[in-house]
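Here are my notes for your reading of the model, set out as numbered points. Please take them with the coordinates open beside you.

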Amino acid sequence: LARFHERIRISGELVDEDRLIALIEACEAANGPEPITFFEVTTAAALLAFAEEPADYTLLEVGLGGRLDATNVVARPRLTVITPVSIDHQQYLGETLAEIAFEKAGILKRGVPCVVGPQQAAAWDVIVEQADTVGAPLIAEGQDWQVWEEYGRLAFQDMTGLLDLPRPALIGAHQVSNAGAALA
C-alpha cells in the first residue's frame, strides 16, 4: 500500500479524503470509549462505506488471521479463500504452522465454499479438519483446479476447461497461485 486510502475502494475508486474522515469519525463515535485497534476502526469504516453504497459483490481481505480478525464479522459470505499458510505473525497466530492454519481457517463458514491455495501438509490437515467440523466445502488447488505459468502467461484449468490468460501484473511468483484462487 502506498496510501491509506487504498484500503477502501468503491467501484474501483479510492475513497476520498473527506468521506474517509467522516467514516472513521462515525465509527469512533459509535464505538464510544471502548478500546479499538487501527485495523478494527479501518475495517468498520470500510464496512460502513460498503453498506452506504451497495454493490453486486464486495471483496473483503482479512488482516492477520481469520478466526479473530475484524473482517470475520460477515456471517455468511458467498465464498472464502485461504492462500498458502506460512509461518508469520507468530506472536498473534501461534508458533507452529498448524496453529497458524487453525487461526486462518477461522474464516470457514457452514455451507460456504472455500477456495484453498497450495498448502504444506500440516496446514492442509488443519484446514480439512476445520472444514469438516463446520461443514464448509473445499475447492483445492491441485485437486479441483490447477494454475501455472507457461511462456510468460497464466494457464488455469478446472473441470470446465483450460484458460490461457495474461500473467498477473503484480510481482512475485505467488501471484500466479493467487490469480488461480481468484479464478477458481
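1. A cut-off is needed at the outset: a residue counts as buried under 20% relative accessible area, as exposed over 50%, and as partly exposed in between. With a relative accessible area of 25%, Phe4 is therefore partly exposed. Please keep in mind throughout that this is a predicted model.

2. Two aromatic pairs turn up when the whole structure is searched. One of them joins Phe4 to Phe38 in an edge-to-face arrangement, with 5.6 Å centre to centre and 65 degrees between the planes. The angle is called edge-to-face because planes over 60 degrees apart fall in that class. Phe4 belongs to the segment before strand E1 (9-10), whereas Phe38 belongs to helix H2 (residues 38-52), so the pair ties together parts that are 34 residues apart in sequence. As for accessibility, Phe38 is exposed, at a relative accessible area of 52%, while Phe4, at 25%, is partly exposed.

3. Helix H2 also holds Leu47, which is partly exposed with a relative accessible area of 26%. Between Leu47 and Val74 there are 9.7 Å in space, C-alpha to C-alpha, for a separation of 27 residues in sequence.

4. One open sheet has three strands in the order E3-E4-E5, and the pairing is parallel. At its edges are strand E3 (80-82) and strand E5 (138-140), each of which pairs on one side only. On average, neighbouring strands of this sheet are turned by 20 degrees against each other, direction ignored. Strand E4 (residues 114-116) and E5 run parallel and are joined by three bridges, and the bridge partner of Val116 in E5 is Ala140.

5. Another open sheet, also described as three-stranded, follows the order E6-E7-E8 with antiparallel pairing. Here E6 and strand E8 (161-166) stand at the edges with a single partner strand each, so one side of each has no neighbour in the sheet. The average turn between neighbouring strands of this sheet is 20 degrees, direction ignored. Strands of a sheet pair through backbone hydrogen bonds, either parallel or antiparallel.

6. Within that antiparallel sheet, strand E6 (residues 145-150) and strand E7 (residues 153-158) are joined by six bridges. Looking across to E7, one finds Leu154 opposite Glu149 and Arg153 opposite Glu150. The hairpin of E6 and E7 has two residues between the strands, and one residue there, Tyr151, takes a positive phi near 55 degrees.

7. How many bridges join E7 to E8? There are six, and the two strands run antiparallel; Phe156 stands opposite Leu163 in E8. E7 and E8 likewise make a hairpin, with two residues between them. As for burial, E8 is hardly covered, since the count of buried residues among its six residues is zero, buried meaning under 20% relative accessible area.

8. Two backbone angles deserve a careful look. Most residues other than glycine have a negative phi, and most peptide bonds are trans. Ser11, although it is not a glycine, has a positive phi of about 55 degrees; Ser11 lies in the loop between E1 and strand E2 (13-14) and counts as exposed at 74% relative accessibility. Tyr151 is not a glycine either, and its phi is positive at about 55 degrees. The place of Tyr151 is the loop between E6 and E7, where Tyr151 is exposed with a relative accessible area of 79%.

9. Which residues line the second largest pocket? The lining is made up of Leu64, Gly65, Gly66, Arg67, Leu68, Asp69, Tyr92, Leu93 and Glu103. By class, that lining has four nonpolar, two polar and three charged residues, and about 210 Å³ of space lies in the second largest pocket. The two glycines Gly65 and Gly66 are listed in the lining, and glycine counts as polar in this scheme.

Definitions and conventions:
Residues numbered from 1 in each chain as written. Predicted model: local features only at pLDDT ≥ 70, side-chain atom pairs only at ≥ 80, totals over all residues. Heavy atoms only, no water. Phe/Tyr/Trp six-rings, centres within 6.5 Å; stacked < 30°, edge-to-face > 60°. Helix = DSSP H or I, 4+ residues; strand = E, 2+ residues; numbered from the N terminus. Buried < 20%, exposed > 50% of the residue type's maximum accessible area, 1.4 Å probe, protein only. 1 Å grid on protein atoms, 1.4 Å probe; cavity = no way out; pocket = protein on both sides within 12 Å on 5 of 7 lines; lining within 4 Å. Points joined across faces, edges and corners; volume = space filled by probe spheres on them. Pairing = 2+ DSSP bridges. Axes fitted to C-alpha atoms, helices over the stretch in contact; angles between N-to-C directions.
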